Amino acid sequence: MASAAIATLSFASVRCRKHQLRHGASALNARQLRAASSSSNWHAISLKPHGEPRLRAAKRVIVAQAGAGRYKVAILGAAGGVGQPLSLLIKMSPLVSALHLYDISDDVSSVAADLSNCNTPAQVAGFTGRDELAGSLAGADLVIIAACAPRQPGGTTPDNEDVFGANAAIVRELAEAVAEHAPPGALVHVITDPVDSTVPVAAEAMKRKGGAYDPRKLFGVTTLDVVRANAFVAARKALPLADVDVPVVGGGAGATVLPLMSKARPRAAFTEEEVEELTARVRGAGAEVEAAKAGGDDGSSATLSMAYAAARFVEASLRGLDGDGGVYECAYVQSQVAPELPFFACRVRLGREGVEEVVGEELRGISEYEAQALEALKPLLKASIDKGVAYVQQQQEAALN
């Protein structure tokens, strides 16, 4: 008989009981979101502010039970620097029954074979090349787009425009495949950089495939910024890490990332210098890791922490699908939290339909420094969103000529 407890996976995420939201939150209901997906144009989705939610951080320890999982997860880009450790973490989840690993690289077969040796319930299958992409998506409850253009040898990177062009093409192709071959209700997590632009790319690509886009089910994964903010604040203030919860809003790329220290839990006193230093460190943490890993074989990027953060968000999403009513995480989603920005990262409540509530009220009562930083990032984020939308439109026009 298989052991009942065969793997342990620990993530910290935000849980909140309904009575803790008695002051309310900005509510984004399913009907409003469904209406937003009916056209290729961006829609304004009205939010209903009631008051700031009182959220608390908690640590969730998951013990994998033999045969307990019932969700199928597909990772697109599973042979990459993020994809491999992410695949291992998802293999450990007790909520997952099947794990489909896709990549254009033949290396994905060895990754699948290696993970199949782990005595956790999820059954692993590898899919190599574009001919097998459709098969990897069949029956998926959740799809992770992690594929990206390879970095240049020696850890150097092409310029930002080249990164965007290469990764936008990858995300567009994979999003179109999701729209065609994944079940209509599948959740889609995008972690391919730059998320500020690639999520709009995915949205536009899916809209153009028979209206398959559902804004409740498309997420830009910005959890790494939350993980970093929590870790840095806990260290600076000598707080128990499991209790720390710092919401991070805006986007997912450097200057568009804004940790809200004024909304951190538990409450802590920060000097202006501390807020500026912590904000700068969260924004620059990726470069900090790249500098430490310079010259490495993995492209000198934050692969391990990104995999951990992505796995945390997967676990939260699956808990929502499973009916857990108190799952909150920050994510980059379509909303009207900032009316001039079609996409914005903030706290959302996850449920059976994906995004069930957008918590916009945390933007009220922020500090003067945060308010100024928020206004400063808006034009940068808007330009990145417009860039993603324009890319898909240009590619479609080129295909017609």
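**Exercise 1. The cis peptide bonds**

Task: In this predicted model, locate Pro266 relative to the neighbouring strand and helix, and state which configuration the peptide bond from Arg265 to Pro266 has. Then treat Pro194 in the loop where it is found.

Solution.
- Step 1. Pro266 is placed in the loop between strand E10 (257-259) and helix H8 (272-292).
- Step 2. The bond that joins Arg265 to Pro266 has omega near -5° and is cis.
- Step 3. Pro194 sits in the loop between strand E7 (187-190) and helix H6 (195-207).
- Step 4. The bond from Asp193 to Pro194 is cis as well, with omega near -10°.

**Exercise 2. A positive phi**

Task: Determine what is notable about phi of Ala238, where Ala238 is placed, and whether Ala238 counts as buried or exposed.

Solution.
- Step 1. Phi of Ala238 is near 55°, which is a positive value in a residue other than glycine.
- Step 2. Ala238 belongs to the loop between helix H7 (223-237) and strand E9 (248-250).
- Step 3. The relative accessibility of Ala238 is 68%, so Ala238 counts as exposed; the cut-off for that class is over 50%.

**Exercise 3. The contact of two helices**

Task: Describe how the axes of helix H2 and helix H9 cross, and work out which residues make the contact and how they divide by class.

Solution.
- Step 1. Helix H2 comprises residues 83-91 and helix H9 residues 303-321; their axes come within 8 Å and cross at roughly 35°.
- Step 2. The hand of the crossing of H2 and H9 is right-handed.
- Step 3. On the H2 side, the contact is made by Pro85, Leu86, Leu89 and Ile90. On the H9 side, Thr303, Leu304, Ala307, Tyr308, Ala310, Ala311 and Val314 take part.
- Step 4. Sorted by class, the contact of H2 with H9 has 10 nonpolar residues, one polar residue and no charged residues.

**Exercise 4. Cysteines without a disulfide**

Task: State how many disulfides the count gives, and explain why Cys330 forms no bond with its closest cysteine. Compare the burial of Cys330 with that of Cys148.

Solution.
- Step 1. The count comes to zero disulfides.
- Step 2. A disulfide requires two cysteine sulfur atoms within 2.5 Å.
- Step 3. The closest cysteine sulfur to that of Cys330 belongs to Cys346 and is 7.2 Å away, so the two are too far apart for a bond.
- Step 4. Cys330 is buried, with a relative accessible area of 2%, whereas Cys148 has a relative accessible area of 46% and is partly exposed.

**Exercise 5. Two loop residues and their distant partners**

Task: For Glu353 and Ala302, give the loop in which each lies, the accessibility class of each, and the residues that each touches.

Solution.
- Step 1. Glu353 is in the loop between strand E12 (343-351) and strand E13 (354-359). At 34% relative accessibility, Glu353 counts as partly exposed.
- Step 2. Residues up to four places away in sequence being left out, Glu353 touches Arg216 and Lys217. From Glu353 to Leu187 the separation is 166 residues in sequence but 8.6 Å in space, C-alpha to C-alpha.
- Step 3. Ala302 lies in the loop between H8 and H9. The relative accessible area of Ala302 is 14%, and Ala302 is therefore buried, the cut-off being under 20%.
- Step 4. With residues up to four places away in sequence again not counted, Ala302 touches Arg228 and Val289. Ala302 and Gly81 are 221 residues apart in sequence and 8.9 Å apart in space, C-alpha to C-alpha.

**Exercise 6. Two helix residues**

Task: Identify the helix that holds Ile170 and the helix that holds Gly284, and state the accessibility class of each residue.

Solution.
- Step 1. Ile170 belongs to helix H5 (residues 160-181) and, at 22% relative accessibility, counts as partly exposed.
- Step 2. Apart from neighbours within four places in sequence, Ile170 is in contact with Ala147, Cys148 and Ala149. The C-alpha atoms of Ile170 and Ile145 are separated by 9.2 Å, at 25 residues apart along the chain.
- Step 3. Gly284 lies in helix H8 and counts as partly exposed, at 29% relative accessibility. Its C-alpha atom and that of Ala253, 31 residues apart along the chain, are separated by 9.4 Å.

**Exercise 7. The chain as a whole**

Task: Give the numbers of helices and strands, the share of buried residues, and the share of contacts that join residues at least 24 apart.

Solution.
- Step 1. The chain has 10 helices and 13 strands.
- Step 2. Of the 401 residues in the chain, 54% are buried.
- Step 3. Among contacts between residues at least 6 apart in sequence, 75% join residues at least 24 apart.
- Step 4. The chain exposes about 16300 Å², of which carbon and sulfur atoms supply 51%.

How values were computed. Residues numbered from 1 in each chain as written. Predicted model: local features only at pLDDT ≥ 70, side-chain atom pairs only at ≥ 80, totals over all residues. Heavy atoms only, no water. Axes fitted to C-alpha atoms, helices over the stretch in contact; angles between N-to-C directions. Helix = DSSP H or I, 4+ residues; strand = E, 2+ residues; numbered from the N terminus. Left-handed = near helix turned anticlockwise from the far one by under 90°. Contact = heavy atoms within 4.5 Å. Nonpolar A, V, L, I, M, F, W, Y, C, P; charged D, E, K, R; others polar. Buried < 20%, exposed > 50% of the residue type's maximum accessible area, 1.4 Å probe, protein only. Areas by Shrake-Rupley, 256 points an atom, 1.4 Å probe, with all protein chains shown as cover.
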